[in-house]
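Subject: Structure handover and notes

Dear colleague,

Here is the structure I promised to pass on, with my notes below it. Please read the notes with the coordinates open beside them.

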Amino acid sequence: MESKENETRPELNIPSFPLGSKRIPLIGLGTAEFPFGASNDTLKHTIIEAIRLGYRHFDTAAIYQTEQPLGEAVADALRLGLIESRDELFITSKLWCSDAHRDHVVPALQKTLENLKLEYLDLFLFHWPLSLKPGTYEFPFKEEDIFPTDLNSVWEGMEECQTLGLTKSIGVSNLSCKKLQTILSTAKIPPVVNQVEMNPMWQQNKLRDFCKDKGILVQAYSPLGGRGTVWGSDRVVDSDVLKEIAQAKGKSPAQVCLRWIHEQGVCIIVKSFNKERMKQNLDIFDWELSDDDLHKISQLPQSKGYAAEHFLSDNGPYRSVQEFWDGEI
């Protein structure tokens with residue numbers, strides 16, 4: 001066991017945004033890796049290394065099977081003196097579809113907090129707009145496990161989580177403008193975040209405008225194109241346009257992607273478990289893209305990386321990709 005070291009903490013220069021009673025760092029480390037749980041033996045060490053580098057925002061989910069190692073890393077970081085208080089960190093987790101039922105939401109968050117060994121989350125997200133048979137935690141899931149989905153009643157459960165003090169803020173993930181409007185139509189506490197796939201090849205202009213109008217912060221997952229996921233590819237970082245901009249700036253194509261997202265006023269969730277790349281991903285805040293760079297990126301061909309094919313079923317609420325995304329694809 002490592003001894004308490006009271007290590008020197010890095011100088012933090014990561015921009016943040018007010019979210020409820022706390023500020024959210026505008027870049028966070030994602031912890032999803034497929035197959036889920038595959039990196040858990042090394043994940044605790046990776047997160048401690050990330051805290052040493054200056055990361056203070058961490059994103060997990062019930063289905064990722066990474067809540068427990070993240071919680072262990074937080075405990076170790078406190079013991080090592082890397083942080084003085086849990087309050088220095090911003091921790092997000094997500095409600096899995098099998099708990100997307102009104103009476104299952106609060107118990108699901110209580111289980112998440114038990115896994116993390118924390119008293120509260122900073123942000124709890126409704127992961128996907130689909131309900132599955134309670135008690136099933138697998139992905140891909142069986143078609144027969146798909147249940148009818150009531151977005152508004154699930155959102156009532158999310159609101160109860162915040163009212164009980166189990167989470168500071170609540171939000172959604174993978175929601176179209178239409179589904180967001182459905183939730184907003186009855187919400188007593190509106191979602192403060194919508195976490196969606198976004199990168200220079202899937203810029204989400206319509207959704208970002210909608211969220212800005214409603215005061216909802218957009219978070220970008222798969223900002224580099226989802227490398228390492230079942231559906232991801234290198235098409236984003238291999239873009240000739242991004243490579244050309246990167247070369248002129250003395251940066252990497254990945255850094256250009258992340259800088260572009262930051263300049264759109266969007267919070268970044270980026271996943272790398274490689275120390276050097278984790279460090280490079282933080283090096284995006286003291287330089288800018290030119291108007292010409294931004295114009296070139298705005299002209300890139302657009303296509304979604306993950307269309308949510310796993311969530312479609314002839315007998316479920318969504319029979320096509322167009323239905324799932326309400327034509328916003």
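The notes below take the helices in turn, then two threonines, then the aromatic rings.

Please bear in mind throughout that this is a predicted model.

**Helix H3**

Helix H3 takes in residues 105-116, and at 1.5 Å a residue its twelve residues should span 16 Å, which agrees with the 17 Å that separates its end C-alpha atoms. The residues of H3 that are buried are Val 105, Val 106, Ala 108, Leu 109, Thr 112, Leu 113 and Leu 116. Viewed down the helix axis, these buried residues fall within an arc of 160°, so they line one face of H3. The general background is that an α-helix has 3.6 residues a turn, so residues three or four places apart point the same way. The elements that cover the buried residues of H3 include two helices, H2 (67-80) and H4 (151-163), together with the strands S5 (90-95), S6 (121-126) and S9 (167-173). Just after H3, Lys 117 adopts a positive phi of about 55°.

**Helices H5 and H9**

In helix H5, which comprises residues 177-184, the buried residues are Cys 177, Lys 179, Leu 180 and Ile 183. Around the axis they cover an arc of only 165°, which places them on the same side of H5. Among the elements that cover them are S6, H4 and S9, along with strand S10 (193-197), helix H6 (205-214) and H11.

Helix H9, residues 275-282, has Met 278, Asn 281 and Leu 282 as buried residues. Their arc around the axis is only 100°, which puts them on the same side of H9. The cover over the buried residues of H9 includes strand S3 (27-30), helix H1 (40-53), helix H8 (253-263) and strand S12 (267-270). At the N-terminal end of H9, Asn 274 acts as a cap, with a side-chain oxygen 3.0 Å from the backbone nitrogen of Glu 276.

**Two threonines, and one alanine**

Thr 46 is located in helix H1, and with a relative accessible area of 7% it is buried. If its neighbours within four places in sequence are left aside, Thr 46 is in contact with Phe 273 and with Met 278, the latter being one of the buried residues of H9. Phe 273 also has the charged end of Lys 271 over its ring, 5.1 Å from the ring centre.

Thr 92 belongs to strand S5, and its relative accessible area is 0%, so Thr 92 is buried. Its C-alpha atom is separated by 7.9 Å from that of His 57, although the two residues are 35 residues apart along the chain. With neighbours within four places in sequence again left aside, Thr 92 is in contact with His 57, Phe 58, Asp 59, Thr 60, Leu 123 and Leu 125.

Ala 75, by contrast, is found in helix H2 and is partly exposed, with a relative accessible area of 43%. Between Ala 75 and Ser 233 there are 35 Å in space, C-alpha to C-alpha, and the two are 158 residues apart in sequence.

**Aromatic rings**

With ring centres required to lie within 6.5 Å of each other, the count comes to twelve aromatic pairs. One of these is formed by Trp 128 and Trp 325, which are edge-to-face at 6.4 Å centre to centre, with 65° between the planes. This pair links distant parts of the chain, 197 residues apart, with Trp 128 in the loop between S6 and strand S7 (131-132) and Trp 325 in the segment after helix H11 (321-324). Trp 128 counts as buried at 7% relative accessibility, and Trp 325 is buried with a relative accessible area of 7%.

Phe 139 and Phe 311 form another pair, this one tilted, at 6.0 Å centre to centre and with 40° between the planes. Here too distant parts of the chain are linked, for Phe 139 lies in the loop between S7 and strand S8 (146-147) and Phe 311 in the loop between helix H10 (291-298) and H11, 172 residues apart. Phe 311 counts as buried, at 1% relative accessibility.

Ring pairs join these four residues with Trp 96, Phe 141, Tyr 306, Tyr 318 and Phe 324 into a cluster. In addition, Lys 304 lies over the face of Trp 325, at 4.4 Å from the ring centre.

With best regards

Notes: Residues are numbered from 1 along each chain as its sequence is written. This is a predicted model: local features need pLDDT of at least 70, side-chain atom pairs count only at pLDDT 80 or more; totals for chains, interfaces and linings use all residues. Side-chain values use heavy atoms; hydrogens and water are left out. Helices (H or I, at least four residues) and strands (E, at least two) are DSSP runs, numbered from the N terminus. The expected span of a helix is 1.5 Å times one less than its number of residues. Buried means under 20% relative accessible area, exposed over 50%, partly exposed in between (1.4 Å probe, protein chains only). The arc is that of the directions from the helix axis to the C-beta atoms. Contact means heavy atoms within 4.5 Å. A polar contact is a pair of N or O atoms within 3.5 Å; within protein, one must be able to donate a hydrogen and the other to accept it, and residues adjacent in sequence count only if both atoms are side-chain atoms. Rings of Phe, Tyr and Trp (its six-membered ring) pair if their centres lie within 6.5 Å; planes under 30 degrees apart count as stacked, over 60 as edge-to-face and the rest as tilted. A charge sits over a ring if NZ of Lys or CZ of Arg is within 6 Å of the ring centre and within 35 degrees of the ring normal.
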